[in-house]
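Here's a walk through this structure, starting with its charged pairs and ending with the overall picture of one chain. Have the coordinates open as you read.

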Amino acid sequence: MTGGRAALAAGAALYAVVVLAPLLALLGPTVQFVSHDPAAAAALVFPTGDRLRLLASSSALAGAVAAASGALGMGVAAALWRRGGRLRSAKWLLVALAPIPAYLHAMAWMTLGHRVGVGLAGAGLPSPGPFPPVVTAWWIEVMAFLPLTAGLSLVALSLLPDDLVDAARTGGPDGRAMRRVALPLAGPLVLSGAALVFVLTLLDFSVPTLLQVPGYALAVLADFSARHDPGRAVLFSAPLMAVAGVAGLGVLAGWRRTPFGSSADHDASPLSLGLAGRLAQMAAVAVMASQIAVPAIALAAAAGTPRRVIAASQGAAAEIAYSVAVALAAAIIAVCVAAAPASALARSRRVGNVWWPAVVLPWAVPAALVGIGLITLWNRPALGYLHGSTVMPALAGAARFTAVAALVLLADNRRANPALMEAAHIHARRAWQPWLRVRLPLAVPGLAAAGALVFALTLGELGATLMVAAPGHGTLTMRIFDYLHYGSSDAVASLGVVLAGAAVLAGGFAALALAAGSRWLSGSGS
Amino acid sequence: MHNAVKSFGIRASTLGVLVVGAVLAACGPAASVSSPDGASAPGGGATESMTQTDTSALSNSDAREVVVYTSVDRNFSEPVFAAYEEVSGVKVLPVYDLEAAKTTGLVSRILAERPRPQADVWWNGEFAQTLELADAGALATYESPNAHGIPQAYRDPAGQWTGFGGRARVILVNTDLVAEGDEPDSIRDMVETPAPEMIGIASPVFGTAAAQAAALYAAWGAEEALAFYKAIADSGVQVLDGNGVVRDMVADGRLSWGLTDTDDACGALERGSPVKVVFPDQGPGEDGTLIVPNTVGLIDGAPHPDEGRALIDYLVAEQTTADLVEAGWFQVTLRPISTDNACLDAKNVRGMSVPLAEIGNQFSVAAEDLTGLFIAP
């Protein structure tokens with residue numbers, strides 16, 4: 001075996017241990033359930049009647065959310081694409097907004113709706129609401145996931161080969177270049193972002209529950225809550241996982257089909273779209289602004305003065321420190337572990353096809369089951385120091401979000417210019433020089449983006465973390481949901497501000513890493 | 001694909017192996033949970049006697065800590081743990097459940113950890129999940145001497161758990177929207193009202209609302225209870241995401257009244273909301289309301305069984321019950337205990353007469369029916 005193959009095998013083994021093994025650990029109780037009651041197992045795996053209708057309605061809601069957030073995200077991305085100055089930094093604001101839990105968006109929009117209704121009634125005017133719960137749930141989910149689709153669409157546009165776009169602009173108006181070149185080329189990646197939102201919406205139970213919208217993910221939880229049988233829960237959620245898995249394959253397909261350019265951040269003039277295009281962009285940006293403003297105003301109003309935010313932060317200092325440590329560790333682990341699948345997916349279609357299911361599977365499994373799998377895997381005498389330690393929540397974050405990091409690194413791998421590395425190999429005196437001076441600086445943006453994304457997602461993780469949190473320790477998200485239960489809206493708002501602040505810091509770190517990488521690259525290249 | 005790109009990924013994988021190893025090695029155990037394997041005997045069958053402040057059995061133990069999994073709201077349980085740490089010198093390492101996890105959290109965790117338990121004590125804010133853990137063999141036998149005076153109906157005959165004070169299901173009424181004298185006085189009023197959209201209950205599939213559903217199944221029979229919930233589902237009564245949401249919507253005036261727990265009701269009263277609390281079904285011949293006792297049990301195979309028993313002794317002691325009444329977590333004491341600052345006077349409230357074990361037997365039956373009715377209609 002060559003050194004390269006041995007290293008890839010080691011990476012694959014690492015991915016198997018960190019990401020796949022907790023999921024495969026669920027096979028034991030599943031097989032046990034199937035062997036004990038095959039008929040019941042078959043009935044769970046192949047839903048009929050009410051359960052089938054519920055799966056269909058949940059998929060329809062997820063599809064509607066994915067379509068709307070995908071379209072709006074593309075509009076926002078088109079408005080930010082090729083913009084210099086401060087607008088270039090706006091993409092990191094999207095990273096900061098991504099981890100704010102959908103539950104907080106729901107609270108903010110419902111509060112707004114209630115106050116508007118009261119205000120209109122007070123003025124003797126008719127209230128536009130109440131809207132049907134499914135419409136409210138759809139809107140809140142769109143708002144919650146809009147930063148994600150906008151961010152991924154911006155990535156898709158930023159990675160387009162500039163020469164192709166500029167060549168298209170010479171042959172006609174910018175609007176046509178956008179329609180005929182940019183959108184078709186970025187389309188697969190944009191659609192993959194929408195598919196990712198479809199999966200996340202399908203698996204989310206918090207917003208539908210709050211709004212009394214029946215959902216399959218909640219039905220899984222209800223059944224698990226009543227029976228506490230992980231094998232049955234796996235089979236119950238199998239149809240959900242199948243739908244999510246198909247969408248996950250769509251995510252990967254989009255990622256693989258997008259033609260990536262060799263540069264994303266150099267100065268380029270923005271496309272000037274026609275009136276309709278500008279109006280569409282403005283509408284999307286207006287929605288994005290409301291996505292930011294409504295929770296921000298609601299959080300600020302509920303949190304009160306900065307002193308109260310500071311006081312709430314001091315009260316939750318231990319949770320904040322623990323959350324940051326966990327999210328940081330998860331980001332480090334995920335970025336390292338994601339290197340192997342990212343590399344494998346970038347290889348031949350044959351190798352990539354082997355890896356696809358392994359990368360898709362983690363997205364399709366409900367969080368609580370990931371937690372059960374982690375306990376089953378790690379709670380063993382020989383590994384006694386792990387379970388019950390602070391490492392476990394980091395492993396939970398890595399298990400759930402390494403696949404996301406793999407996609408970011410895959411995109412980064414594909415946009416790397418091979419000529420740079422080949423030239424570096426020819427001119428280097430020592431073997432390590434091309435890696436240290438060329439490849440590492442080239443990789444820094446991707447690593448930073450992947451790490452920041454996993455950091456942010458882990459900050460907001462709840463379902464798996466609750467199952468494996470070390471006794472005596474809790475995360476900031478756990479604390480927020482704790483306060484939510486008490487109806488302590490000022491404390492929730494204060495800690496929501498802290499959570500968003502931590503995510504902003506992660507985005508800022510990623511931006512600094514990007515800048516440093518660019519400077520390093522410039523120095524090496526000179 | 002480009003060789004350079006591929007090999008970078010490969011080398012990064014190797015680096016990943018090293019970094020992950022370093023991270024795992026660097027993060028030591030947060031709680032030095034000693035392995036119960038081999039040396040520590042499971043608690044089953046051990047009935048011991050310790051008084052509330054008798055922690056002498058702990059003095060020779062190296063492990064001066066106890067791990068407790070609790071579904072009791074953190075703002076009520078955390079001060080109890082802090083007080084116990086002060087009294088005993090034993091470090092309490094809690095894991096709190098969250099309503100957002102829909103009770104799939106800690107019970108599932110305890111069951112998943114059964115081969116090698118991490119927790120010593122399970123302190124539950126209700127009883128149904130405790131009965132489930134006892135049925136699964138996850139709880140050891142321990143009858144605390146401090147449980148004297150607690151009626152046998154609230155103690156496991158096998159000694160696997162002890163009930164020790166708790167809450168009751170109540171109707172919370174918004175006094176701005178419901179005139180005095182027009183308040184509902186029975187849960188059956190939910191299906192006999194002209195404005196059902198102004199009434200709310202928590203989803204009867206989760207938490208204490210699920211326990212109440214199981215109690216109605218046990219008291220009325222499955223057919224009548226299911227018909228009652230079908231009537232609720234058909235009438236337009238709002239089925240909400242927890243008792244706290246019911247409380248907030250009644251307090252805000254978005255609901256005229258709703259069914260919730262006494263601790264939630266007290267929260268609204270303490271905040272000065274325009275609300276009134278009604279204990280339902282207290283008339284002659286009526287069922288009474290569901291009393292939801294807290295329950296506590298020792299985990300079978302607990303890593304720190306002595307510390308676990310000592311903590312249970314502390315929790316079920318009369319003084320702790322009095323403290324929890326004053327804190328607002330308990331409104332029902334189960335035994336005569338003089339307290340101050342009780343939010344509600346529940347001394348004369350009549351509870352349902354159905355034994356907890358029978359309610360426990362109906363729990364999964366009711367959950368399956370009501371999941372079909374409310375979650376997957």
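Which residue forms a salt bridge with B:Arg247? The partner is B:Asp264, with the closest N and O atoms 3.5 Å apart. Keep in mind that this is a predicted model. B:Arg247 sits in helix H7 (residues 243-251) of chain B and B:Asp264 in helix H8 (residues 262-270) of chain B, so the pair ties together parts 17 residues apart in sequence. Both B:Arg247 and B:Asp264 are buried.

That's one of 18 salt bridges found over all chains. Here are three of them, side by side.

| Salt bridge | Closest N to O distance |
|---|---|
| B:Arg247 with B:Asp264 | 3.5 Å |
| B:Arg74 with B:Glu78 | 3.2 Å |
| B:Lys276 with B:Glu183 | 2.9 Å |

Take the B:Lys276 and B:Glu183 pair next, whose side chains meet in a salt bridge. B:Lys276 belongs to strand S9 (residues 275-278) of chain B, while B:Glu183 is in the loop between strands S5 (162-174) and S6 (199-202) of chain B, so this pairing ties together parts 93 residues apart in sequence. B:Glu183 is buried, at 18% relative accessible area, whereas B:Lys276 counts as partly exposed at 32%.

B:Arg74 and B:Glu78 are a more local affair: they're four residues apart in helix H2 (residues 74-88) of chain B, so about one helical turn separates them. B:Arg74 counts as buried at 13% relative accessibility, and B:Glu78 as partly exposed at 32%. These two also join A:Glu319 and A:Arg479 in a network of salt bridges.

Now for helix H4 (residues 128-135) of chain B. Seven of its eight residues are buried, so this helix is largely enclosed by the rest of the structure. Among the buried ones are B:Leu131, B:Glu132 and B:Leu133. What do they pack against? The buried residues of H4(B) pack against helix H11 (216-227) of chain A, along with chain B elements including helix H3 (106-112) and strand S10 (291-299). After H4(B) comes B:Gly137, with a positive phi near 75°.

As for chain A, it has 24 helices and zero strands. Of its 526 residues, 58% count as buried. Its accessible surface is about 20,300 Å², with 69% belonging to carbon and sulfur atoms.

How far should you trust it? Chain A averages a pLDDT of 79, and 83% of the residues score at least 70. Among the elements of chain A, helix H2 (residues 27-36) has the highest mean pLDDT (92) and helix H5 (residues 86-97) the lowest (64). Where pLDDT is low, the predicted coordinates shouldn't be read in detail.

How values were computed. Residues are numbered from 1 along each chain as its sequence is written. Chains are lettered from A and ligands numbered from 1 in the order in which they are written. This is a predicted model: local features need pLDDT of at least 70, side-chain atom pairs count only at pLDDT 80 or more; totals for chains, interfaces and linings use all residues. Side-chain values use heavy atoms; hydrogens and water are left out. pLDDT is the predictor's confidence in each residue, from 0 to 100. Helices (H or I, at least four residues) and strands (E, at least two) are DSSP runs, numbered from the N terminus. Buried means under 20% relative accessible area, exposed over 50%, partly exposed in between (1.4 Å probe, protein chains only). Contact means heavy atoms within 4.5 Å. Accessible areas come from the Shrake-Rupley method with a 1.4 Å probe; for residues, only the protein chains shown count as cover. A salt bridge is a side-chain nitrogen of Lys or Arg within 4 Å of a carboxyl oxygen of Asp or Glu.
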